[in-house]
Structures are given as C-alpha cells and as structure tokens.
Amino acid sequence: MRQVAIEVVHERKSKILNAVIHHFIKTGKPVGSNVLIDEYNIKLSPATVRNLMAELEEDGFLTQPHTSAGRIPTDKGYRAYVDSLVKLQKFAIEEEERIKKEYEQKHKEIETLLSETSRILSGLSQYTGFVLAPKAQYDEISNIELLQIAPDQLLIVLLTHTGMVKHKKVNASLSPEQLTKLRSFLNEKLRGVPLAQANKIISEEVADFKQKRAEIYQVVEKIGDIFYAIQDDIYIDGTSNAASIPDFIDFEPIKSIIKLNEDKEKLIQLISEDFDSGAINVKIGSENLPAELKDLSIITTSYNDGNRTIGVLGIIGPKRMPYDKMMSLVSAVSKMLNEVFKKGG
C-alpha cells in the first residue's frame with residue numbers, strides 16, 4: 001500500500017480546514033465531505049476527505065455538533081485559518097474610495113477624526129469599531145493657550161503634536177499681564193513634554209513659581225490637576241450592530257459588547273496589549289480575556305505619526321466573520337490614519 005508523504009497530508013488537511021471554515025463563515029451550517037468535493041475542487045475520494053476531517057477533529061481544529069451532522073471550526077481551527085492568511089487580500093478599490101471620501105469630510109480636530117474613524121470601521125464591517133486615541137505617554141504638548149472667557153472663568157486650550165485639542169474651564173480671574181506670564185511659563189516648561197509627564201513637571205516647577213508669582217500660583221495648581229486627570233480615551237461605534245448578527249442567538253455576546261462600551265478601561269487594557277506589535281492582531285474566542293468575550297473575535301492594529309506608534313484601532317465581532325476582509329479593512333483604515341498623522345506632524 002502506497003504511503004502518502006507527510007507534507008502532502010499536511011497540505012490536504014490545510015486545504016480542507018480552510019474550505020470548511022470558508023463555507024461555514026458563508027453559510028453558518030456544519031460542513032460535510034460532499035460539499036467540499038463539489039464546491040471546493042478537492043480531488044479526493046469522499047472516504048479520504050472524511051478521514052482527514054476526522055483527523056482534524058482529533059487534532060482539535062474541527063468539532064461535530066451532532067453525530068449525523070457535518071463539522072464546524074473550533075477556536076483552534078479559526079486560529080490556524082487566520083495564521084494561514086499570509087498575504088492580506090487587497091481591499092476592493094471602491095471600498096478604499098469610500099474610506100478616502102470619509103476622510104475628506106473630516107473636521108480639523110483630531111477627536112472628531114477618531115470618532116469618525118470608529119464609525120467608518122463600524123459602517124464598513126457592520127460590527128463594532130473602535131479607535132484608541134493617541135496615548136498620553138507618547139502625545140507631546142505643542143502649545144497651550146489661555147483665554148479669560150468670563151470675569152471668573154479661564155479657558156485652557158491644549159494642542160498636542162498629533163493635533164489633539166483639549167478644552168478645559170477653571171474658575172480663575174487673571175489680568176492680561178498675568179495671563180501673558182502664565183502662558184509663557186506653561187509653554188516654556190511644557191512644550192515638547194508628553195501629556196503624561198506634564199503634571200510632574202508642573203509640580204517640580206511650581207515651588208519656584210509660587211515665590212515669584214504668588215498671585216497666580218493657585219491657577220497653576222488647577223492646570224496641573226487637569227494634566228493629572230487626562231487619561232487614555234477610546235472611541236467606540238456600532239455596538240447596536242451586535243443585535244443584528246445571526247450568530248448571537250442569545251443575549252450574552254451582545255451584553256459583552258455593551259459592557260465593553262460602558263467599561264472602556266477594560267477594552268483599553270485589552271487592546272493596549274498589542275500596542276507595540278506593529279502587525280494585524282486577531283484574538284479569537286477563548287483567546288480573549290476576560291472570559292465573557294469567548295463568543296467574540298477582536299481584530300486590531302496600531303497607527304503611527306511617522307516616527308512611532310501612538311494608538312490602536314480595530315473591530316469586535318462574532319467568531320464567524322470573513323477574517324480576510326476584516327483584516328484588510330483594519331489595515332486600510334490604519335494606513336489612512338498614518339497619513340493623516342504624518343501630515344499633521
């Protein structure tokens with residue numbers, strides 16, 4: 001009896017696994033050997049295909065929901081499928097044009113851009129899209145402006161090198177001369193300093209400032225508190241899309257997505273794990289922590305300002321999703337953001 005080389009068996013298994021997953025993603029139904037032979041050009045006998053599917057099940061890549069039914073992929077099977085996507089399919093030209101048009105409509109402030117980007121990800125994927133804003137430890141202060149907008153109210157306008165704009169009001173009343181002194185002090189000490197370090201710098205400098213300009217010392221302290229309160233922010237759109245996904249026959253996955261929207265810190269912590277990877281990252285089902293995300297997959301990648309990574313974006317959806325298309329979407333949107341931040345810098 002002629003033995004088949006191990007490499008050939010591996011290639012056949014890989015082809016069958018990819019075909020099963022592709023068909024299951026498309027139909028949502030368990031896949032049998034006849035379907036693979038008829039629709040996926042697998043030139044093997046039904047018995048050989050059944051044996052290979054049984055081996056894939058033993059290896060943990062497939063599972064059989066019912067004795068008489070076909071097979072469906074496990075998390076391990078999805079992982080093998082995603083890892084086999086060596087080359088991401090190019091995004092369709094018309095969809096790239098749609099993304100570009102969305103960006104042409106963007107407003108000047110980066111907050112609006114990031115909010116729009118999460119909406120684009122959500123709209124084109126029909127899942128939940130998110131964008132982690134430039135992280136405070138990397139986003140440097142470009143300029144600080146102070147405006148006395150009312151007799152007892154001061155507006156602090158903060159601009160960062162990525163174009164982020166922060167507005168904050170504090171209760172204070174300063175003369176034009178005092179405003180000029182304070183503006184000069186803040187820009188001299190903080191220009192080029194990462195947001196996360198600004199409060200520390202102010203704390204170190206404020207003692208000397210108190211002696212020389214005691215009249216506005218309290219305002220400096222309030223501004224220091226503003227920097228201390230600045231935290232990483234995330235923009236999420238499309239949580240309602242989860243309700244229309246056929247895979248979510250019960251309410252648990254939908255509740256998980258809604259919880260992530262409410263508890264943004266948990267999502268920020270989860271996606272920040274891949275902050276410096278510089279690649280497309282896919283977490284499938286049980287690979288996601290915490291456990292309540294076992295029915296979801298998360299696809300992320302980072303974006304940069306031309307010099308370094310500054311944020312993360314991606315989508316959250318069901319395990320049964322067209323991974324190649326979603327990975328291409330995330331990659332395409334990341335490239336668009338890279339261009340925006342390079343130009344902004």
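Analyst: A definition to start with: two strands pair if DSSP finds at least two bridges between them. Please also keep in mind that the model we are looking at is predicted.

User: Thanks! How many helices and strands are there in the protein?

Analyst: The protein has 345 residues, and 47% of them are buried. Its secondary structure consists of twelve helices and ten strands.

User: Which strands stand at the edges of the sheet with the order 4-5-6?

Analyst: This open sheet is made of three strands with antiparallel pairing. A strand at the edge has a single partner strand, so one side of it is left without a neighbour in the sheet. On average, neighbouring strands here are turned by 20° against each other, direction ignored. The two edge strands are strand 4 (141-150) and strand 6 (165-171).

User: How many residues lie between strand 4 and strand 5 in their hairpin?

Analyst: Strand 5 covers residues 153-160 and pairs with strand 4 in the antiparallel sense over eight bridges. Strand 4 and strand 5 make a hairpin, and the number of residues between them is two.

User: Which residue in strand 5 stands opposite leucine 146?

Analyst: You can look at two pairs here. Leucine 147 has leucine 155 in strand 5 as its bridge partner. In a regular strand, side chains alternate between the two faces of the sheet. As for leucine 146, the residue opposite is isoleucine 156.

User: What angle does the direction of helix 7 make with that of strand 4?

Analyst: Helix 7 spans residues 176-190 and packs on the sheet, where it touches strand 4 and strand 5. The angle between the directions of helix 7 and strand 4 is about 160°.

User: Is glutamate 188 buried or exposed?

Analyst: Glutamate 188 sits in helix 7. From its C-alpha to that of isoleucine 144 is 9.9 Å in space, although the two residues are 44 residues apart in sequence. The cut-off for an exposed residue is over 50% relative accessible area. With a value of 61%, glutamate 188 is exposed.

User: How far apart are the end C-alpha atoms of helix 6?

Analyst: Helix 6 has 16 residues, from 110-125. Counting 1.5 Å a residue, it should span 22 Å. The model agrees, because its end C-alpha atoms are apart by 22 Å.

User: Which leucines are among the buried residues of helix 6?

Analyst: An α-helix has 3.6 residues a turn, so residues three or four places apart point the same way. The buried residues of helix 6 include Ile110, Glu111, Thr117 and Ser118. Its buried leucines are Leu113, Leu114, Leu121 and Leu124.

User: What is the phi of glutamine 126?

Analyst: Glutamine 126 is in the loop between helix 6 and strand 3, and its relative accessible area of 48% makes it partly exposed. Most residues other than glycine have a negative phi. Glutamine 126 is not a glycine, yet its phi is positive, at about 65°.

User: Which strands are the edge strands of the sheet with the order 7-3-10-9-8?

Analyst: Five strands make up this open sheet, with antiparallel pairing. An edge strand here pairs on one side only, and the two that do so are strand 7 (234-237) and strand 8 (281-284).

User: Which residue in strand 10 stands opposite glycine 129?

Analyst: Strand 3 (residues 128-132) and strand 10 (residues 309-318) are antiparallel partners over five bridges. Across from glycine 129, in strand 10, you will find isoleucine 315.

User: Which residues is serine 334 in contact with, leaving aside its neighbours within four places in sequence?

Analyst: Serine 334 is part of helix 12 (residues 323-344). A residue is buried under 20% relative accessible area, so serine 334 counts as buried at 5%. With those sequence neighbours set aside, its contacts are Thr301, Ser302, Tyr303 and Leu313.

User: How much space lies in the largest cavity?

Analyst: Rolling a probe the size of a water molecule over the atoms shows where empty space is left. The structure has two cavities of 30 Å³ or more. Among the residues lining the largest cavity are Ala133, Pro134, Lys166 and Asp233. The space in that largest cavity is about 70 Å³.

Technical notes:
Residues are numbered from 1 along each chain as its sequence is written. This is a predicted model: local features need pLDDT of at least 70, side-chain atom pairs count only at pLDDT 80 or more; totals for chains, interfaces and linings use all residues. Side-chain values use heavy atoms; hydrogens and water are left out. Helices (H or I, at least four residues) and strands (E, at least two) are DSSP runs, numbered from the N terminus. Axes are lines fitted to C-alpha atoms, for helices over the stretch in contact, and angles run from 0 to 180 degrees between N-to-C directions. Contact means heavy atoms within 4.5 Å. Buried means under 20% relative accessible area, exposed over 50%, partly exposed in between (1.4 Å probe, protein chains only). The expected span of a helix is 1.5 Å times one less than its number of residues. On a 1 Å grid over the protein atoms alone, a cavity is a set of points where a 1.4 Å probe fits but cannot get out, and a pocket is an open set with protein on both sides within 12 Å along at least five of seven lines; lining residues have an atom within 4 Å of a point. Grid points are joined across faces, edges and corners, and a volume is the space filled by probe spheres set on the points.
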